[in-house]
Amino acid sequence: MPVAWLNSISAGDIDTVGGKGASLGELTGAGLPVPPGFVVTAGTYRTFIEETGIADELFDAVDVDVADSTALAEAEQRARKLILETEWPEDQREDVLAAYDDLNGDPVVAVRSSATAEDLPDASFAGQQETFLNVTRKNLLDRIKRCWASLFTQRAIYYRREQGFAHDEVNIAVVVQRMVDAEKSGVMFTSHPSTGAPQLIVEAAWGLGEAVVSGSVTPDNYVFDRTEDVLDDVTVATKKTMCVRDEETGETVEREVPDQRQDQRVLSDDEIRALRDLGERVEEHYGQPQDVEWAIVDGDIYMLQSRPVTTIDGDTADRATGDDPEDGSDDVLVSGLGSAPGTASGTVRVVGKLDQLDKVGEGDVIVTEMTTPDMVPAMKRAVGIVTDEGGMTSHAAIISRELGVPAVVGTDSATTTLADDQRITLDGDRGIVADGPDAIESEASTSEAGGPERPTAAGGSAGKPMTATEVKVNVSIPEAAERAAETGADGVGLLRTEHMILSLGKTPEQYVTDHGSDAYVAKLVDGIRTVADAFYPRPVRTRTLDAPTDEYRQLEGGGEEPSEHNPMLGYRGIRRSLDAPEQFRLELQAFRKLYELGYDNVEIMFPLVNDSEDVLALKSAMADAGVDPAKRRWGVMIETPASALSVESICETGVDFVSFGTNDLTQYTLAVDRNNERVSDRYDELHPAVLTLLRDTIETCREADVATSICGQAASKPEMVRELIEAGITSVSPNVDAVRDVQQEAKRVEQKLLLETVR
């Protein structure tokens, strides 16, 4: 049958109507308030391409090498042209339009893709296909075909090939549903998304729900205790924009919220209770907590979508933290900085050289002088990391936090004190390593299998505090993307490409010599794409290569690297990029390919600039590589006093944002090498001189309408967060383990500032 009405569809019809259609049909059948509509079935799509004779040509067109960006772009264009320029069979046309007419009143409708392989355990196709709002009868058939054509975007073709799905086996249905011209809308989680506790969590904003779902507006946040039947917490955000239907064009447009409503609470207590009642009905019907999209118009609530909450950790609510042992009760072998939280027990594997990494197995503890990007595969197998050298900003500390592996760094003597096959326990909170497998008691630390239970990110996106200041997260390796995304961060403030490149074991020049430039670009694309997928549509700010010469020398092909007394002050960042334009061009080509694949959430960030002359050279390089600076979001890092003092002219180059790298800015301002133990006590990101540079830069950027961010280690410190939010920073990007605390701190600071303005 060409169409199926929502009131005749159930959850078992997913092969016919796709995931979205099946969910809406199930809600309708349960008597919940769902706007009326129908689904143009997957069979209609299949009949269309087969009866018109374009099926073979269509699938041949998209059978291309996805590593070839030109071929991929041509495949999308050919597939789109085939579908859009092929006429509807008359019987299909009549059936679809007749169904539309049965909605009565010549309504405006929403047309949404509903893929039949949208939410699989090992692959998610959600968000890859099109949605069209405010569609009329005149353009209905065209919009349905555009939904079908969106099955063959570059990104969708690439993703299916990577996931092993044949193009001719994936079908698509299209939901056609009467539009709700919402006065207020949002999402709600019927139970807490991390613990499953009976807490209703609601996010709400003015106008259509697209603004909330896409993240373009910070919504109000409401937490309702279903057990006690009380509203626990209300966070009213400043909602500057909203999505509405333009009366003249019928298109969805973004408009400014009237001043008097920007800081006004969206939902009343009665509306929250009404949402609670509907949410409990949905949860009871499905037998599990739900993530629900809703809208309110003329006082009536409509359910627009519902899907199961998949982030609940059943042990979270009951997990004990354990009591700290009495002083002196641990047989401490070495101590240092607790750089990644958690407790782990395992067998020591002392690693002195890279060729010793193979001896590290599942459940072992890596003990080494210091970690390098080449060690990441072994670090993923280990249950804990202990190093002689390094601090809270070292490679070992950063990667361990992102992987959720407890770590102790800067012990001075771990590699000489500990021995292979020795059983130890390390505490990544207190920075101690003790003798024996049970030396440090902690119920939270040990799983049934005997290894550590990896810490899960605190809170999903629904339970996070709503703040005007965006709280993003730093990501160093693609493998940490999923865990980072679970924090509910507003995006990635720093994705480091150097760890992707250095983990190849070869310098870029050597890798290109051995494998070719296409393979090198593909490696970068795959790494960045992994993070962009995990966060889509939230932005992923990706920094170009910033590796010092001492790290290059450890790689194959690095024998010709210069020997520098202090590599942190030498040949790194954009200094190397602009000096080696052919290698830099390959990096920029990776960004161009990502944009061609549809990853419009990727932003480019350039490290270690000094002045506007540097920035203009980078802007020119982008254009030469086919990345349009006027269409893509890009910016630079403020890591030197020179760049901070030159920020006014830097803003004039057209940057969209600047981001503070406080690790470097602090050491360059104070003349303190942060890795030199003899002077590390003088390293202070809160030094008045550093804070003056930060505040002055923020003020200048605000006047130029350039966004500001911080992505250094200091972004995880409450004192720095308070200073920068009070100064007016746009976003902060802490490490993954600190996101939740920074979200709470940002909320407290903003509430304090609001109170001070009204007193």
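## A guided tour of the predicted model

Select D106 to begin: with a relative accessible area of 56%, this residue is exposed. The model on display is predicted. D106 sits in the loop that links α5 to β3 (109-115). Its phi is positive, about 50 degrees, although D106 is not a glycine. Most residues other than glycine have a negative phi.

Next, select D298, in the loop between β12 (290-297) and β13 (300-308). Here too phi is positive, near 55 degrees, in a residue other than glycine. D298 has a relative accessible area of 66% and is therefore exposed.

**The negative patch**

Now select E50, E51, D56, E57, D60, E90, D91, E94 and D95 together; on the surface they gather in a patch of negative charge. Which helices each supply at least two residues of this patch? They are α2 (42-51), α3 (55-61) and α5 (90-101). The largest share, 4 residues, comes from α5.

**Along helix α2**

Select E51, which belongs to helix α2. Is E51 buried or exposed? Its relative accessibility is 56%, so E51 counts as exposed. Other positions in α2 are covered: A42, T44, Y45, R46, F48 and I49 are buried. An α-helix has 3.6 residues a turn, so residues three or four places apart point the same way. After α2 comes G53, with a positive phi near 80 degrees.

**Aromatic side chains**

Keep Y45 and F48 selected and add W88 and W148: these four residues form one aromatic cluster.

How many aromatic pairs does the structure hold? There are 9. To view one pair, select Y511 and Y520: the ring centres are 6.3 Å apart and the planes stand at 50 degrees, so the pair is tilted. Y511 counts as buried because its relative accessibility is 9%, and Y520, at 1%, likewise counts as buried.

**A cis peptide bond**

Move to Y536 and P537, where the peptide bond from Y536 to P537 is cis, with omega near 5 degrees. Most peptide bonds are trans. P537 is located in the loop between α17 (517-535) and β25 (540-543).

**A last stop in α12**

Finally, select A396 in helix α12 (residues 395-403). With a relative accessibility of 2%, A396 counts as buried. Add V408 to the selection: A396 and V408 are separated by 12 residues in sequence and by 8.8 Å in space, taken from C-alpha to C-alpha.

Definitions and conventions: Residues numbered from 1 in each chain as written. Predicted model: local features only at pLDDT ≥ 70, side-chain atom pairs only at ≥ 80, totals over all residues. Heavy atoms only, no water. Patch = residues over 30% accessible without salt bridge, like charges linked within 9 Å, V, L, I, M, F, W, Y side chains within 5 Å. Areas by Shrake-Rupley, 256 points an atom, 1.4 Å probe, with all protein chains shown as cover. Salt bridge = Lys/Arg side-chain N within 4 Å of Asp/Glu carboxyl O. Lys, Arg positive; Asp, Glu negative; His and termini not counted. Charge placed at Lys NZ, Arg CZ, Asp CG, Glu CD. Buried < 20%, exposed > 50% of the residue type's maximum accessible area, 1.4 Å probe, protein only. Phe/Tyr/Trp six-rings, centres within 6.5 Å; stacked < 30°, edge-to-face > 60°.
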